Structure formats: C-alpha cells, structure tokens
Amino acid sequence: MSVLDDIVAGVREDLASRQAALSEADLTAAAEVLPPPRDPMPAFGSPGLSVIAEVKRRSPSKGALADIPDPAALAAAYDAGGADAISVLTEQRRFGGSLDDLRTVRGAVSTPLLRKDFMVTGYQLLEARAAGADLVLLIVAALDDALLADLHAQARELGLTVLTEVHDEEEVGRALAVGAELIGVNARNLKTLDVDPDTFGRLAALLPDDVVTVAESGIGGPDDAARYAAQGADVVLVGEALVKDGNPRTAVAAMKAAGR
C-alpha cells in the first residue's frame, strides 16, 4: 500500500464516524445560511505571483512542523502579509488538522479559504462549504475518472473553486478532461513522498494559457517562489516554510515580492 492509499483509507474511516453524527441535510442547512463563497480567481489570475499560505501542523514526510495553538492568529498574520488565499489542513491522522481549524480561521479572516484534505465523497464538499471554505482540493491520483468528474461538478454546483492537483503527464490530461481551470502541480510524489523540483516546469508546459497554475511543494523561501514564477506559476502554495518562519507576515510578503 502506498502512502497515498494509506492516507485515503484513514480518511474514509474518519469520514464514516462524521457521517454517522451529522447528516447531509444538516450540512446543507448550515451551508445555506452562509454568504456566497469568495472567488479567488481574479487575484490568482492578476499580474505577479499569488500566495496560498497554509495552516499546517505536521506532514507525513517531515513529521511535526510547528505548534499552532491559535490558527486564527497565524491566519491573520498571513492575511496581513498579503496572502491571496489561506489553506487549512483538515486531515487529522497524518497532518494534525481538523474542520475546527477551518471554522476558527474562517471567523478570523475574510481571505478565501481552501479546505486541504483528501476528498473522496460529496459529503466532504458539503462539510467544506458548511465550515466556510471557498475552495477545495481534488487530488487526481486519489480518484478515478468518474469520481473526479462527479466531485468537480458537485463542488462547482456549491459555488466552490476547485484546485485540481496533478503529479504527472497522465494526470494533467485527466484534469483538463474535467474542465479544471485551477491546476496545482505537486512536486511531491504522494506514493513515495520524494520531491522533484523539475516537475512543475515539465508539467506546466502542457497546460493551456487560460489555466491558472499553482506550484506546490519544495518552496523553501523567496528564491524558490521566484524560480517557480519564472517557470510560469501564477500561484505558489506554501506550508512548511511559513509555519516554521518566526514572522509569517513578512515571509508571505517576501514571497509575493520575489514573484514580481
């Protein structure tokens, strides 16, 4: 079993307990009283480099990254630094996140929020919307074609922006086939956890000009952000480097400046 398979198996177990406790009807009712989702695409598509700053406590590859007792304070620092969106890890077993983190961050900032998790069912999309998310992640490697298309369509019906994540040439084709407009190229192989910094440049060359591109993984600072921007990235998604930095506000600002 690959790392990705193991993570998804755990996600499905945890999902079953949440589904038993809260119905889809309850989630739908909670989502319906919220304001419409925020649209990050105008910012992502504007000149310069956009930054999605991540609230991330740990990862399967690095273990514990940072103690984050107050996700709201971290998100506020990201917002002050000019983050164009904030990603909140909600997977518990490997990343130490939760939907409570997402709700806490939503109460603190008006920045568009990404629910970063391993989405395998429409129930999770409703959870994301009800917790205040504006974007959701769909990982092509974790989904077959039918489920990818179904979840992509369901997310759009809910008004959510979809970040579709790819890792190789075949997955690029699958993402484009469902009409993905925001595609993240993850340099980390989710089966081995190795990072290949050349992945973004190789795959970005295959994407149409009207697709907004996000570089994911391997971004340790402004120099890496600048390198990805030079290769055509419209956005960088950064977690580890920001949560470990003593001043996340200035770290976000520096990455945005590097991309100019």
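How many bridges join strand E7 to strand E8, and do these strands run parallel or antiparallel? There are 3 bridges between E7 (residues 161-166) and E8 (residues 182-186), and the two strands run parallel. The legends below start with the whole fold and then move in.

The structure is a predicted model, in which local features need pLDDT of at least 70 and side-chain atom pairs count only at pLDDT 80 or more, while totals for chains, interfaces and linings use all residues. Residues are numbered from 1 along each chain as its sequence is written, and side-chain values use heavy atoms, with hydrogens and water left out.

**View 1. The whole protein.** Here you can find 12 helices and 10 strands; these are DSSP runs numbered from the N terminus, with at least four residues for a helix (H or I) and at least two for a strand (E). Along the principal axes, the C-alpha atoms fill a box of roughly 45 × 40 × 35 Å. The radius of gyration is 17 Å, which agrees with the value near 18 Å for a compact globule of 260 residues (taken over C-alpha atoms; the globule rule is 2.2 Å times the number of residues to the power 0.38). Buried residues make up 53% of the 260, where buried means under 20% relative accessible area with a 1.4 Å probe, protein chains only. Of the contacts with a separation of 6 or more, 68% are between residues 24 or more positions apart (contact means heavy atoms within 4.5 Å).

**View 2. The closed barrel.** Its 8 strands follow the order E1-E4-E5-E6-E7-E8-E9-E10, with parallel pairing; two strands pair if DSSP finds at least two bridges between them. From one strand to the next, the twist averages 25° (axes are lines fitted to C-alpha atoms, for helices over the stretch in contact, and angles between N-to-C directions run from 0 to 180 degrees). For a closer look at E7 and E8, try Val166, whose bridge partner in E8 is Val185.

**View 3. Helix H12 and its neighbours.** H12 (residues 248-258) lies across strands E1 (50-55) and E10 (235-238), running at about 150° to E1. Helix H10 (residues 222-230) crosses H12 at roughly 35°, and their axes come within 8 Å. Pro222, Ala225 and Ala226 in H10 meet Ala254, Met255 and Ala258 in H12, a contact with 6 nonpolar, no polar and no charged residues (nonpolar: Ala, Val, Leu, Ile, Met, Phe, Trp, Tyr, Cys and Pro; charged: Asp, Glu, Lys and Arg; polar: the others, Gly among them). Helix H4 (residues 71-80) packs with H12 at about 35°, with the axes 7 Å apart. From H4, Leu74, Ala77, Tyr78 and Ala80 meet Pro248, Arg249 and Val252 of H12; this contact divides into 6 nonpolar, no polar and 1 charged residue.

**View 4. The covered helix H6.** In H6 (residues 122-130), 9 of its 9 residues are buried, among them Tyr123, Glu127 and Arg129. They pack against helices H1 (3-21), H2 (24-32), H5 (99-106) and H7 (145-157), as well as strands E5 (113-116) and E6 (135-139). Gly132 follows H6, with a positive phi near 100°.

**View 5. Asp101 in helix H5.** Asp101 sits in H5 and is buried, with a relative accessible area of 8%. Leaving aside neighbours within four places in sequence, Asp101 is in contact with Arg57, Pro71, Val88, Leu89 and Gly96.

Key:
Buried means under 20% relative accessible area, exposed over 50%, partly exposed in between (1.4 Å probe, protein chains only).
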